[in-house]
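Thanks for asking me to look this one over. Here are my notes, in the order I would talk them through with you.

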Amino acid sequence: MTQPILELKDVKKSFGSNHVLRGVNIDVSPGQSLVILGGSGSGKSVMLKNALGLMTPDSGKIFFDGDDVTHEQGKEREAMRARMGMLFQSGALFDSLPVWENVAFRLLNAEKMKRAEAKERAIDTLKKVRLGASIADLYPAELSGGMQKRVALARAIITKPELIFFDEPTTGLDPITADAINDLIIEQVKALGAASISITHDMASARKIADEIAMLFEGEIIWRGPADIIDNSGNDYVDQFVHGRAEGPIQPAI
Amino acid sequence: MSDASTSKSGGIPNPLAWIGRAALSLFAEVGRLGIYAGQVIGAALTPPWNLAQLWKQMIAIGFYSLPVVGLSAVFIGAALALNIYTGGNRFGAEQFVPNIVVLGITRELGATITGLMLAGRVTAGIAAEIGAMKVTEQIDALKTLSANPFRYLYAPRFLAACLTLPMLVLVADIIGVMGGWLVSVFALDFDSTTYIRNTMDFLTMDDVLVGLIKAVVFGAVIAIMGCYQGSKSKAGATGVGRAATLSMVGAAVLVLAANYMMSTLFVNIGL
Ligand SMILES: Nc1ncnc2c1ncn2[C@@H]1O[C@H](COP(=O)(O)OP(=O)(O)OP(=O)(O)O)[C@@H](O)[C@H]1O
Ligand SMILES: [Mg+2]
C-alpha cells in the first residue's frame with residue numbers, strides 16, 4: 001500500500017462547548033480524489049483548516065507525506081504549504097491586487113520571481129482555466145462569481161501542488177457554471193497528477209469529481225466508500241444526504 | 001456579559017464580582033495586545049522588508065492624511081492664538097501670543113491633534129481593511145501561500161505609520177503656527193513681522209524634537225491598534241464595524257495617555 005499524502009488521526013477540535021471535530025480519521029493517497037460530504041456547520045471547513053495548519057487540533061495528529069506536521073511552524077510549515085494548494089469557500093482573492101498578482105502571489109512573494117516572468121506564468125495558468133489575458137489586470141471585485149472561482153483555482157494550481165483542497169468550489173454558481181468548474185477541477189487535477197480533497201454538499205459535483213466519498217457527521221467520518229456505490233451505501237445517514245430528504249436520522253439544522 | 005454577576009440570592013448584581021471580572025479581562029486583553037505588539041515590532045525591525053507594501057502604506061497613511069492634518073492644525077493654531085490673547089489680555093500679557101502658540105503647537109498640540117485625527121482616519125481604516133480580509137479568509141489564504149501576515153500586512157503598516165507621523169507632525173507644526181499668525185495679524189492687529197520674529201526667536205529644536213518623538217510613538221499605537229482589532233474581527237459586517245470602532249476608541253485613548261506619560265518624562269529629563 002502506498003503511503004498516504006495526507007492523514008488525519010483522531011483529530012479533535014472544539015470552540016468552547018461547541019465540539020466540532022470529535023475524532024476525525026481520514027487519509028488520501030497520492031493522485032486520489034476524495035470528496036467529503038456533510039451538512040452545513042458540520043465542521044468541514046474546520047477540518048480542512050486543521051489539515052492546512054491554519055488551526056491547531058486540540059488533540060490528534062496530522063501527517064503529511066508521512067511526517068507529523070501537527071505542530072510544525074516556520075520553515076517546515078512553509079515547505080509543506082509549498083506542496084499544497086487551497087481553494088477557499090469564499091474564493092479569498094486579495095481584493096487589493098489585480099487578478100494576475102493574485103494568481104502569481106506565491107511566485108512573487110515566497111519565490112521572488114521577476115514580475116514579468118510571473119505575469120507570463122499567471123496568464124498561462126489563467127488560460128488553463130479558460131480565462132483570457134484581458135482580465136489579468138482587472139481587480140477581483142470586477143469579476144463574476146464564476147470567474148472569481150476560476151481565478152482562485154488558477155492560484156491554487158499555479159505552483160503544481162501535490163495536494164489540493166477545494167472548499168465548496170461550486171456553491172453559489174448556476175448549474176452550468178458549476179459543471180464547467182467541476183470539469184476544470186477534474187482536468188487540472190488529472191493534469192498535475194495531484195491528490196485532492198473536495199468538500200461539497202452538491203451531489204452532482206461529488207459524483208463527478210470523486211474517486212472516493214466520505215461523510216462527516218457529528219464530528220466523525222461515519223462512512224467512506226468508492227464513488228460509484230454512493231447510491232447503495234447501506235448507510236441511512238448517507239442515504240438521506242444523497243437523496244436530500246428532510247426525514248431520516250439527520251435532523252435539519254434549522 | 002454572563003449572568004454570573006448576579007449573585008445566587010435574588011438577582012442583585014454583586015459589584016465586587018463584576019469589578020473583579022472586568023479587571024481580569026482587562027489584564028488579559030492588555031497581555032494579548034502586548035504579545036501581539038511584540039510580534040509586530042519584531043517583524044518590523046528584522047529583514048526582509050516588504051518595500052513595495054511599505055511604500056503603498058506610506059502613501060495611504062501619510063500622503064492622504066495631509067488634508068485632514070493641515071485643516072485640523074490651522075484651526076487649532078487659530079483657536080489657541082485667540083484664547084491666549086483673550087486670557088493674556090486680563091493681565092496685559094497679550095504680547096506673548098506668538099511665543100505660547102509656537103510652544104504649545106510644537107511640544108503638544110501639533111503631535112496630539114495629528115495623533116487623534118489619525119486615530120480616526122488611519123486606525124479605523126486599517127481595522128476595517130484587515131477585518132474584512134480576516135472574515136473573507138484572505139488572511140488564511142496569505143498563510144497558505146507562504147506569506148506571513150505579520151511581515152506582509154502588519155509590519156509595513158506599523159513602519160509606515162512610525163515613519164510618516166513625524167513628517168505629518170512637522171507639517172502640522174508649520175500650519176498650526178501659521179493658523180495662529182493668521183488670526184493674530186488679521187483679527188487681533190498684531191504686526192506681522194514682529195509676530196514672525198517673536199515666533200522664530202522662541203522656537204527651539206528641543207520643542208520640535210519632543211513633538212517628533214511623540215509622533216513616532218503615536219504612529220506605533222495607531223498602526224498596532226488597527227491591525228490588532230482587525231485581525232481578531234468577528235465575521236460579518238457588524239463584526240468588522242465593531243473592530244473599526246473599538247480600534248479607533250482604543251487608539252485615541254492610548255494616544256492621549258501616551259502623550260501625558262511622555263510629557264511627564266520629557267519635563268523630568270529637561271527636554
Ligand atoms: N474560528 C472559529 N471560532 C469559533 N467557532 C468556529 C470557528 N470556525 C468555525 N466555527 C464553528 O464550527 C462549526 C463548523 O463550522 P464550519 O465552517 O467548519 O462548517 P461547514 O461544515 O464548513 O459548513 P458550511 O457547509 O456551511 O460551510 C460551526 O458551528 C462554526 O460556528
Ligand atoms: Mg464551510
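**Notes on the two-chain model**

1. Let me begin where the chains meet: the rule finds two salt bridges across the interface of chain B and chain A. Please keep in mind throughout that this is a predicted model. One of the interface pairs joins D140(B) to K49(A), with 3.5 Å between the closest N and O atoms. In general, side chains of opposite charge can pair when their charged atoms come close.

2. Polar contacts are also there for you to inspect: seven residue pairs make them across the interface of chain B and chain A, both partners being at pLDDT 80 or more. Which element gives the largest share of the side of chain B that touches chain A? That is helix α5 (residues 138–144) of chain B, which brings six residues. Sorted by class, this side of chain B holds six nonpolar, five polar and four charged residues.

3. Now the extent of the interface. Chain B puts 15 residues into the contact and chain A puts in 21 residues. About 1600 Å² is buried between the two chains, and carbon and sulfur atoms give 56% of that area. If you want to pick out a few residues of chain B, take E137(B), T144(B) and L145(B): they supply 37% of the area that chain B buries against chain A, more than any other three residues.

4. How far does the predictor trust its own answer? The model scores ipTM 0.90 and pTM 0.87. Chain A has an average pLDDT of 91, and 99% of its residues score at least 70. Within chain A, confidence is lowest in helix α2 (residues 74–81), where the mean is 86, and highest in α3(A), at 96.

5. For chain B the average pLDDT is 92, and 96% of the residues score at least 70. There is one stretch to flag: over residues 1–7 of chain B, pLDDT stays under 50. For that stretch the model has 11 contacts beyond four places in sequence.

6. On the fold of chain B, what is the count of helices and strands? There are nine helices and zero strands, so to speak a run of α-α-α-α-α-α-α-α-α along the sequence. The C-alpha trace of chain B spans about 65 × 55 × 35 Å along its principal axes.

7. Chain A comes with a label from a record: an unreviewed UniProt entry annotates residues 6–242 of chain A as "domain: ABC transporter". In the model, that span is 36% helix and 26% strand. Its end C-alpha atoms lie 26 Å apart.

8. Over all chains, the salt bridge count comes to 21 by this rule. One that you may like to look at is R115(A) with E101(A), whose closest N and O atoms are 2.9 Å apart. This pair links distant parts of the chain, 14 residues apart: R115(A) sits in helix α5 (residues 115–128) of chain A, and E101(A) in helix α3 (residues 99–103) of chain A.

9. Finally, two backbone details to check before you set anything up. Most residues other than glycine have a negative phi, and most peptide bonds are trans. The peptide bond from P47(B) to P48(B) is cis, with omega near 0°. P48(B) is placed in the loop between α1 (15–45) and α2 (51–61) of chain B. D10(A), which is not a glycine, has a positive phi of about 50°, and D10(A) belongs to strand β1 (residues 6–15) of chain A.

Technical notes
Residues numbered from 1 in each chain as written. Chains lettered and ligands numbered in written order. Heavy atoms only, no water. pLDDT = per-residue confidence, 0-100. Contact = heavy atoms within 4.5 Å. Buried area = accessible area lost by both parts, 1.4 Å probe. Salt bridge = Lys/Arg side-chain N within 4 Å of Asp/Glu carboxyl O. Polar contact = N/O pair within 3.5 Å; in protein donor to acceptor, adjacent residues only side chain to side chain. Helix = DSSP H or I, 4+ residues; strand = E, 2+ residues; numbered from the N terminus. Nonpolar A, V, L, I, M, F, W, Y, C, P; charged D, E, K, R; others polar. UniProt positions renumbered as here; feature names shortened; annotations may be inferred.
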